[in-house]
Amino acid sequence: STVIYTLNNPIFKNFVFYAAASTVKMMAMSMLTSRVRFSKKVNSRDFHFLSFYNDCFIFRFQVFSNPEDTKLSSSKDAKVTFTDPDVERIRRNHLNDMENILPFVIIGLFYVGINPSPTQALWHFRIFFFSRIFHTIAYQVIKEIDLNIIHILYAYIISVAIAPTMRSIGFTIGYGVTMSMAVQLFRALLK
């Protein structure tokens, strides 16, 4: 009887590495959200309840989602908002990570239990991890290109055609890897 869940097993060792790396990547998204919340400054024009003052003043304050968090700000003008596009984009990316990395970790743990081919398992783990990195780059880096007359076609292709496609490719590859492990797991269970 072989002990499968030990670091002496190369399949489990590789799984632990890529599951931990994926989890740390997911956790980094929450730190990125906090960083953007603290560093982001928002004009009062973005908030209808301040519109009366827009002609006289432009207020700038940090972006927070909870009233008690505004106390952490050095600015007395810190406000609560749920509409900042940069913060919400990171939050959606983080949510997408949670929706994909948690199933990968759970199914992957069971997948290791069927003792698959070490090479096949390693490629499943690697491809999943790098698909999440690719997805995040597509989501956070390639978002909107500043449109100007000279680059309008190029910007359109990048922001409208390529970026969503790249994000979809990253998501689909990672999802496919997790489903492949699940199918192999169910085949082994139904033998």
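Helix α3 makes the greatest contribution to the nonpolar patch, supplying 3 residues. The structure is a predicted model, and this patch serves as the starting point for a walk through its side chains. The patch covers about 440 Å² of the surface and is built from W123, I127, F134, I169 and I173. Two helices each provide at least two of the patch residues, namely α3, which spans residues 118-140, and α4, which spans residues 152-189.

W123, one of the residues of the patch, belongs to helix α3. Its relative accessible area is 46%, and because the partly exposed class lies between 20% and 50%, W123 is assigned to that class. The ring of W123 also has a charged neighbour: the charged end of R126 sits over this ring, at 5.1 Å from the ring centre. A second arrangement of this kind involves R167 and Y139, where the charged end of R167 sits over the ring of Y139 at 4.7 Å from its centre.

From the surface patch, attention may turn to the charged pairs. The structure holds 3 salt bridges. In one of them, the side chains of K25 and D97 meet with an N to O distance of 2.4 Å. This pair links distant parts of the chain, since K25 is in helix α1 (residues 10-39) and D97 is in helix α2 (residues 85-113), 72 residues apart. Both partners, K25 and D97, are buried.

D97 takes part in another salt bridge, in which its side chain meets that of R132 at 2.8 Å, N to O. R132 lies in helix α3 and D97 in helix α2, so this pair ties together parts that are 35 residues apart in sequence. R132 and D97 are both buried. Taken together, K25, D97 and R132 are linked in a network of salt bridges. Within this network, D97 of helix α2 is paired with K25 of helix α1 and with R132 of helix α3.

The salt bridge between E88 and R91 has its closest N and O atoms 3.0 Å apart. Here both residues lie in helix α2, separated by 3 residues, or about one turn of the helix. The two partners fall into separate accessibility classes. E88 has a relative accessible area of 17% and is therefore buried, the limit for that class being under 20%. R91, with a relative accessible area of 40%, is partly exposed.

Aromatic contacts form the last part of the picture. The structure holds 10 aromatic pairs. One of these joins Y5 and F12: the ring centres are 5.4 Å apart and the planes stand at 90 degrees, so the pair is edge-to-face. A pair of aromatic rings is described by the distance of the centres and the angle of the planes. As for exposure, Y5 is partly exposed, with a relative accessible area of 43%, whereas F12 is buried at 14%. Elsewhere, ring pairs link F15, F104, Y111, F125 and F128 into a cluster.

Helix α3 thus recurs in this account. W123 in helix α3 is among the residues of the nonpolar patch, and R132 in helix α3 belongs to the salt-bridge network with K25 and D97. W123 is partly exposed, while R132 is buried.

Technical notes
Residues are numbered from 1 along each chain as its sequence is written. This is a predicted model: local features need pLDDT of at least 70, side-chain atom pairs count only at pLDDT 80 or more; totals for chains, interfaces and linings use all residues. Side-chain values use heavy atoms; hydrogens and water are left out. Patches are made of residues with over 30% relative accessible area and no salt bridge: like charges are joined within 9 Å, nonpolar side chains (Val, Leu, Ile, Met, Phe, Trp, Tyr) within 5 Å. Accessible areas come from the Shrake-Rupley method with a 1.4 Å probe; for residues, only the protein chains shown count as cover. A salt bridge is a side-chain nitrogen of Lys or Arg within 4 Å of a carboxyl oxygen of Asp or Glu. Helices (H or I, at least four residues) and strands (E, at least two) are DSSP runs, numbered from the N terminus. Buried means under 20% relative accessible area, exposed over 50%, partly exposed in between (1.4 Å probe, protein chains only). Rings of Phe, Tyr and Trp (its six-membered ring) pair if their centres lie within 6.5 Å; planes under 30 degrees apart count as stacked, over 60 as edge-to-face and the rest as tilted. A charge sits over a ring if NZ of Lys or CZ of Arg is within 6 Å of the ring centre and within 35 degrees of the ring normal.
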